[in-house]
Amino acid sequence: PPNYLFFVGANLGTGAYGLCEGDCNSDDECEGVLICEIRQNFMEVPGCDGSGRENVDYCRYPDPSPYPSTSSAPSVTPTTPAPTLSLKPSVEYY
């Protein structure tokens, strides 16, 4: 399943681990902007599902997270200001 913790292997090198993959040891071992979540026991990995392997570290997005949103609900507030209407004439009379 997507975003499920997955053990790929240890010591695979720079950029070898994708989202929710491990066992990373540093941020350099994660792809792109991902960071290595250093865990103890079965600590939760933000943005990933499952418990993974005990004491295995997994790559995740940094905070604040750009996790894909599954919500299709519209926003409550407008994202652009409402237009204004001017009633002033564009020509001056003498």
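## Exercises on a predicted model

A disulfide joins C20 to C48, with the sulfur atoms 2.0 Å apart. The model is predicted. The exercises start from this bond.

### Exercise 1: The C20–C48 link

Task: Find where C20 and C48 lie, and state the handedness of their link.

Solution.

- Step 1. Recall the bond type. A disulfide is a covalent bond between the sulfur atoms of two cysteines.
- Step 2. Check the distance. The cut-off is 2.5 Å between sulfur atoms. The S to S value for C20 and C48 is 2.0 Å.
- Step 3. Read the torsion. The angle about the S-S bond is -90 degrees, and the link of C20 and C48 is left-handed.
- Step 4. Place the ends. C20 sits in the loop between β1 and β2 (21–22), and C48 in the loop between β3 and β4, so the bond ties together parts 28 residues apart in sequence.
- Step 5. Test for burial. Buried means under 20% relative accessible area. C20 has 0% relative accessibility, so C20 counts as buried. C48 has 9%, so C48 counts as buried too.

### Exercise 2: The other disulfides

Task: Describe the links C24 to C36 and C30 to C59, then give the pattern of the disulfides along the chain.

Solution.

- Step 1. Take C24 and C36. Their S to S distance is 2.1 Å. The torsion is 90 degrees, and this link is right-handed.
- Step 2. Place this pair. C24 lies in the loop between β2 and β3 and C36 in strand β3, so the bond ties together parts 12 residues apart in sequence. Both C24 and C36 are buried.
- Step 3. Take C30 and C59. Their sulfur atoms are 2.0 Å apart. The torsion is about -80 degrees, so the disulfide of C30 and C59 is left-handed.
- Step 4. Place this pair. It links distant parts of the chain: C30 in the loop between β2 and β3, and C59 in strand β4, 29 residues apart.
- Step 5. Test for burial. C30 has 4% relative accessibility, so C30 counts as buried. C59 has a relative accessible area of 0%, so C59 is buried.
- Step 6. Count and order. There are 3 disulfides. With bonded cysteines counted along the chain, the pattern is 1-5, 2-4, 3-6.

### Exercise 3: A salt-bridge network

Task: Which residues do shared salt bridges join into one network?

Solution.

- Step 1. Recall the principle. Side chains of opposite charge can pair when their charged atoms come close.
- Step 2. Count. The structure holds 2 salt bridges.
- Step 3. Take R60 and E37. Their closest N and O atoms are 2.5 Å apart. R60 lies in strand β4 and E37 in strand β3, so this salt bridge ties together parts 23 residues apart in sequence.
- Step 4. Test for burial. R60 has a relative accessible area of 8%, so R60 is buried. E37 has 14%, so E37 is buried as well.
- Step 5. Add D63. Its side chain meets that of R60 in a salt bridge, at 3.5 Å from N to O.
- Step 6. Join the pairs. Salt bridges with shared partners connect E37, R60 and D63 in one network.
- Step 7. Check D63. Exposed means over 50% relative accessible area. D63 has 57%, so D63 is exposed.
- Step 8. Look around E37. Neighbours within four places in sequence are left aside; the contacts of E37 then include C24, M43, V45, Y58 and R60.

### Exercise 4: The setting of E54

Task: Is E54 buried, partly exposed or exposed, and which residues does E54 contact?

Solution.

- Step 1. Place E54. It is in the loop between β3 (35–37) and β4 (58–60).
- Step 2. Apply the cut-offs. Partly exposed lies between under 20% and over 50%. E54 has a relative accessible area of 45%, so E54 is partly exposed.
- Step 3. List contacts. Beyond neighbours within four places in sequence, E54 contacts R39, N41 and F42.
- Step 4. Compare sequence and space. E54 and Q40 are 14 residues apart in sequence, with C-alpha atoms 7.3 Å apart.

### Exercise 5: The whole chain

Task: Summarise the secondary structure, burial and surface of the protein.

Solution.

- Step 1. Count elements. There are 0 helices and 4 strands. The order along the sequence is β-β-β-β.
- Step 2. Gauge burial. Of the 94 residues, 22% are buried.
- Step 3. Gauge contact range. Among contacts between residues at least 6 apart in sequence, 36% join residues at least 24 apart.
- Step 4. Read the surface. The accessible surface is about 7200 Å², and carbon and sulfur atoms hold 54% of that.
- Step 5. Find a nonpolar patch. F6, V8 and L12 make one of about 270 Å². F6 belongs to strand β1 (residues 6–7).

Conventions. Residues are numbered from 1 along each chain as its sequence is written. This is a predicted model: local features need pLDDT of at least 70, side-chain atom pairs count only at pLDDT 80 or more; totals for chains, interfaces and linings use all residues. Side-chain values use heavy atoms; hydrogens and water are left out. Patches are made of residues with over 30% relative accessible area and no salt bridge: like charges are joined within 9 Å, nonpolar side chains (Val, Leu, Ile, Met, Phe, Trp, Tyr) within 5 Å. Accessible areas come from the Shrake-Rupley method with a 1.4 Å probe; for residues, only the protein chains shown count as cover. A salt bridge is a side-chain nitrogen of Lys or Arg within 4 Å of a carboxyl oxygen of Asp or Glu. Helices (H or I, at least four residues) and strands (E, at least two) are DSSP runs, numbered from the N terminus. Buried means under 20% relative accessible area, exposed over 50%, partly exposed in between (1.4 Å probe, protein chains only). Contact means heavy atoms within 4.5 Å.
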